[in-house]
Every structure is written in C-alpha cells, then in structure tokens.
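Biologist: Please take one part of this chain and look at it closely with me. Then show me how the rest is arranged around it.

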Amino acid sequence: MFTLPDLSYAYDALEPYIDGQTMEIHHSKHHQWYVDKLNAAIKDTEREEKPLEELLQSLALLPKEIKTAVQNNGWWHRNHSLFRESMIPGGKEPSENMTKIIEENFWSIEKCKETFAQSAATNFWSGRTWIIKEHDELKIVNTANQNNPLMNHQKAILGLDVREHAYYLKYQNRRPDYIQNRRNIINRDKVEELYNK
Ligand code: MN3
C-alpha cells in the first residue's frame, strides 16, 4: 500500500509564487486521489508490497485489468512527489558545479530558463515540462498527462506540472507568469542530486 508523502514545508510556504490553497488541493485532493486509485488497483494482489519503482518497471507483466490504472496513477503519484521535492521556500541557487553543467548544455542559465519557459508555455498537453539527462546531455522536453521521461529512458532532473490544477486558482490563463514565478522556489540541491544519481 502506498501513502501520500508529507510535504516538507507548509502549504502556504511557497507564497506568493504558488498559493497555499492550490498547494493544499493539489496535495491533499489530487495527489491523494492518485495514491488511492493506485492502491485500489493493486489491492489483494502480490504487487501490494512492491516498491513503486519496481512496480513501474514491471508494467508489462501486470494483468490487463489493472495495468492502465497502475501505469497512470503510479506515474502520477511519482511525478507529484518529484514536483514537490523540487521546490523549497525561498528557492536555492545552483552550485558552481551545476551552473557549469547548465552553461555547457544551454550556453547560459538565462538561455536554459528561456528555453524551459517557452517549452512549458507551449506544452499543449495536460502534462509536464522537464529538464532531462540523456547520455550526460541535458535537454528540455514536454510530456503528456501522466507520462514521465523515464518511459523513454531519459532521467528527469526537474519537472513542472503545467496541468491547470497546478496554477489556475491564482494565475488563471496566465501560465507564463506561473512558469516564471516558479523559478523563485526551485530546490536546486534536489536538481543536482538527481543529476548525480
Ligand atoms: Mn498535478
């Protein structure tokens, strides 16, 4: 059985960039829903005790009746956990080492931000925009719905939820403002940790 992970900060701790009500609904309703649906799908099966990573890597072996539910809700669960861990009140600057890596891949930090923002603003899916690592190279990609770059053997080091429930209460149609403001609360230690993992 899976449980909803606690937030390491208060719902309103990311204000004014992401409002407390959005964080609370996103975590306690949306994320909880994915966890509940995932648990319902694996209930009374031998998969109940498996770690999430293992479950997601063995989707092909799942019985047809539960495969779609496990795939969708499992990835949604994982992506939402990652999304929250990648943010921290007050934000964190990238280390010297990580700055160098970003500059090598995107020319400059500004260019990386610009490319990411443009990609996220034009992501027409209810999905995510990511910085991924593939063969030591960093790239920015968009995915749809519950998808995660790992499905294409790409490792996500930073993700942004661009589904409307992630920002609509505060930003409505102004998604570019949400994208820009989120920069102030990125936990760049987490990004580096994922890069090195
Ligand atoms: Mn979401």
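Biologist: What is the relative accessible area of Gln172?

Modeller: This is a predicted model, so every value here is computed from it. The relative accessible area of Gln172 is 30%. Buried means under 20% and exposed means over 50%, so Gln172 counts as partly exposed. The residue sits in the loop between helix H6, residues 168-171, and H7.

Now look at its backbone. Gln172 has a positive phi of about 45°, although it is not a glycine. Most residues other than glycine have a negative phi, and most peptide bonds are trans. Asn145 is another case, with a positive phi near 45°. This residue lies in the loop between E2 and E3. At 36% relative accessibility, Asn145 is also partly exposed. His135 takes a positive phi near 45° too, in the hairpin of E1 and E2. That hairpin has two residues between the strands. A peptide bond stands out as well. From Glu15 to Pro16 the bond is cis, with omega near 5°. Pro16 belongs to the segment before H1.

The hairpin leads us to the sheet. Three strands make an open sheet, in the order E2-E1-E3, with antiparallel pairing. Strand E2 (137-143) and E3 are the edge strands, and each of them pairs on one side only. From one strand to the next, the twist averages 20°.

Take the two pairings in turn. E1 and E2 run antiparallel and are joined by seven bridges. Within this pair, Arg128 stands opposite Thr143 of E2. Thr129 stands opposite Asn142 of E2. On the other side, six bridges join strand E1, residues 128-134, to E3. These two strands run antiparallel as well. Here Trp130 has Gly159 of E3 as its bridge partner. H4 packs on this sheet, where it touches E1, E2 and E3. The direction of H4 makes about 75° with that of E2. One more facing pair belongs to E1 and E3: Lys133 stands opposite Lys155.

How covered is E1? Seven of its seven residues are buried. In a regular strand the side chains alternate between the two faces of the sheet. On one side of E1 lie Arg128, Trp130, Ile132 and Glu134. On the other side lie Thr129, Ile131 and Lys133. Every residue in both sets is buried, and thus both faces of the strand are covered.

Stay with H4 for a moment. Helix H4 spans residues 96-106, and helix H5 spans residues 109-121. Their axes come within 8 Å and cross at roughly 65°. The crossing of H4 past H5 is left-handed. From H4, the contact uses Thr99, Ile102, Glu103 and Phe106. From H5, it uses Ile109, Lys111 and Cys112. Sorted by class, the contact has four nonpolar, one polar and two charged residues.

Next comes the metal. A manganese ion is coordinated by His26 (NE2), His80 (NE2), Asp161 (OD) and His165 (NE2). The distances are 2.0 to 2.2 Å. Along the chain, the donors follow the spacing H-x53-H-x80-D-x3-H. His26 lies in helix H1, residues 20-42, and Asp161 lies in strand E3, residues 155-161. The pair therefore ties together parts that are 135 residues apart in sequence. His26 has a relative accessible area of 1%, so this residue is buried. Asp161 also counts as buried, at 1% relative accessibility.

Finish with another loop. Asn187 is found between helix H7 (175-182) and helix H8 (188-196). Asn187 is buried, with a relative accessible area of 11%. Leaving aside residues up to four places away in sequence, Asn187 touches Glu85, Ser86, Met87, Ile88 and Lys92. Set that beside our starting point: Gln172, in its own loop, is partly exposed at 30%.

Key. Residues are numbered from 1 along each chain as its sequence is written. This is a predicted model: local features need pLDDT of at least 70, side-chain atom pairs count only at pLDDT 80 or more; totals for chains, interfaces and linings use all residues. Side-chain values use heavy atoms; hydrogens and water are left out. Axes are lines fitted to C-alpha atoms, for helices over the stretch in contact, and angles run from 0 to 180 degrees between N-to-C directions. Helices (H or I, at least four residues) and strands (E, at least two) are DSSP runs, numbered from the N terminus. A crossing is left-handed if the near helix is turned anticlockwise from the far one by less than a right angle, and right-handed if clockwise. Contact means heavy atoms within 4.5 Å. Ala, Val, Leu, Ile, Met, Phe, Trp, Tyr, Cys and Pro count as nonpolar, Asp, Glu, Lys and Arg as charged, and the others, Gly among them, as polar. Donors are N, O and S atoms within 2.8 Å of the metal (3.2 Å for Na, K and Ca); water is not among the atoms, so sites may look incomplete. Buried means under 20% relative accessible area, exposed over 50%, partly exposed in between (1.4 Å probe, protein chains only). Two strands pair if DSSP finds at least two bridges between them.
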